[in-house]
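Biologist: Could you walk me through this one before I start looking at it in detail?
Modeller: Gladly; have it open beside you while we talk.
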Amino acid sequence: MNTVASIPVSAIRRPEAGVPATRWSVAAVAELFELPFMDLLFQAQQVHRAHFDPNEVQLSTLLSIKTGGCSEDCGYCPQSAQHEGGVEASKLMPLDEVLAAAQAAREQGASRFCMGAAWRSPKERDMEQVAEMVQGVRALGLETCMTLGMLDQQQALQLKDAGLDYYNHNLDSAPDFYGEIISTRTYQDRLDTLRHVRDAGINVCCGGIVGLGETREQRAGLIAQLANLDPYPESVPINNLVAVPGTPLEGTEPIDPFEFVRTIAVARITMPTTMVRLSAGREQMDDALQALCFAAGANSIFYGDRLLTTCNPQAEHDRALFARLGLNGQGARPAARQD
Ligand code: SAM
Ligand code: DTB
Ligand code: SF4
């Protein structure tokens, strides 16, 4: 079990395949959160530099391929049909429109294209169409990611056969807070989907949201869950709640920005070779706060003017920010995981 007085980088390196993951207790993760801010950032930078070029940030572009009308009741989400004034439901986007968006993303400099659908889980009749999307986007030379809700083993294998590189499915919160936010699917349902994705040989993208009204202990609980997945995810999106009008979480008190940076740093320390993605919520952050997130070990962003249904900073603004910080927007990869 890790303690955090001083963690030698060698002790927290990701274990080789087949070796059980280093276990993180919630208490040990909570101790990281308690560190003085500068000590925490310093430790996170050390871990980051041991595994990555600290000036590289990977760029993923999102596209909502099926928007709104979702049967689930996730309290943060504007796409749930259960919330008043949710976004209008649309049908699955035609392949040519998806490919046009992917091409545009590539031209803007994205290395990964992530397609999201507002589904509880894909229906059998949808699978052929989404498989064609994966094949088409891959043929453009982009990495592919999908987030379609829960998958069974067969569906995960179908996506693997189509060439899917990553599947995004978030744990969202600590197990002891989860029930406050979502009632229509269980924490175990999410873990089962993650197992199916892992067993199919698809890279796992799994993270969560902060600022839902959870405690620091519960943020530590989320990070411990992620870090103890065996192996831990290749990609960990950390979303800051976008409190959308009409959702049950409208009006939620925003989290202290330094606490958000702490969450990034703790994710970096506990999952040294993962891509930590500074995800939803950048539109509400200023440039200085985003720079702190990169200093804390974030090395990926969603790039492009929209997330799924909400706004993201303009690509031009991100390019200017990267230039000011001397960051390269590329397909960053850890040395340990280079193909
Ligand atoms: N329907 C699929 C699912 O839930 O797995 C895929 C799309 S869902 C929108 C993907 C993730 O986006 C959620 O798990 C959540 O972490 C994040 N998300 C959704 N709405 C958000 C919001 N308002 N603020 C921050 N993150 C959000
Ligand atoms: C993730 O963790 N964040 C992205 C992506 N995975 C699919 C989605 C953020 C959605 C923010 C709210 C919206 O735009 O609808
Ligand atoms: Fe549906 Fe996903 Fe939104 Fe939950 S987060 S309501 S499953 S689209």
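The chat below takes up confidence and then each ligand in turn.

Biologist: What average pLDDT does the protein chain have?
Modeller: This is a predicted model, and its protein chain averages a pLDDT of 92, with 91% of the residues scoring at least 70.

Biologist: And over which residues does pLDDT stay under 50?
Modeller: That applies to residues 1-20, although the model does have 38 contacts for them beyond four places in sequence. Where pLDDT is low, the predicted coordinates should not be read in detail.

Biologist: OK, on to ligand 1. How many residues surround ligand 1, and which are the closest?
Modeller: The shell of ligand 1 holds 16 residues, and the closest are Tyr 76, Thr 147, Asn 170, Asp 172 and Val 242. Sorted by class, that shell has eight nonpolar, six polar and two charged residues.

Biologist: Which polar side-chain atom lies 2.9 Å from an oxygen atom of ligand 1?
Modeller: That atom belongs to Asn 170. On the backbone side, an N or O atom of Ala 117 lies 3.2 Å from a nitrogen atom of ligand 1, and a polar backbone atom of Trp 119 is 3.4 Å from a nitrogen atom of ligand 1. Of the 550 Å² that ligand 1 exposes when taken alone, the protein buries 90%.

Biologist: Where does ligand 1 sit, then?
Modeller: Ligand 1 sits in the largest cavity, and ligand 2 sits in the largest cavity as well.

Biologist: Switching to ligand 2, which residues are around ligand 2?
Modeller: Among them are Leu 62, Pro 78, Phe 302, Leu 307 and Leu 308, along with Asn 168 and Pro 237. Thr 147 and Asn 170 also belong to the surroundings of ligand 2, and both are listed with the closest residues of ligand 1.

Biologist: How many charged residues does the shell around ligand 2 have?
Modeller: There are no charged residues in that shell, which has six nonpolar and six polar ones. Oxygen atoms of ligand 2 have side-chain N or O atoms at 2.8 Å in Asn 239, at 2.6 Å in Thr 309 and at 2.8 Å in Thr 310. The protein covers 89% of the 410 Å² of accessible area that ligand 2 has on its own.

Biologist: And what surrounds ligand 3?
Modeller: The residues there include Cys 70, Cys 74 and Cys 77, together with Glu 72, Arg 185, Ser 80 and Ala 118. Tyr 76 and Trp 119 are also part of that group; Tyr 76 is one of the closest residues to ligand 1, and Trp 119 is the residue with the 3.4 Å backbone contact to ligand 1.

Biologist: How does the shell around ligand 3 divide by class?
Modeller: The shell of ligand 3 divides into six nonpolar residues, one polar and two charged, and the space that ligand 3 takes is the largest cavity.

Conventions
Residues numbered from 1 in each chain as written. Chains lettered and ligands numbered in written order. Predicted model: local features only at pLDDT ≥ 70, side-chain atom pairs only at ≥ 80, totals over all residues. Heavy atoms only, no water. Near = heavy atom within 4 Å. Polar contact = N/O pair within 3.5 Å; in protein donor to acceptor, adjacent residues only side chain to side chain. Areas by Shrake-Rupley, 256 points an atom, 1.4 Å probe, with all protein chains shown as cover. 1 Å grid on protein atoms, 1.4 Å probe; cavity = no way out; pocket = protein on both sides within 12 Å on 5 of 7 lines; lining within 4 Å. Sits in = over half its atoms within 2 Å of the grid points. Nonpolar A, V, L, I, M, F, W, Y, C, P; charged D, E, K, R; others polar. pLDDT = per-residue confidence, 0-100. Contact = heavy atoms within 4.5 Å.
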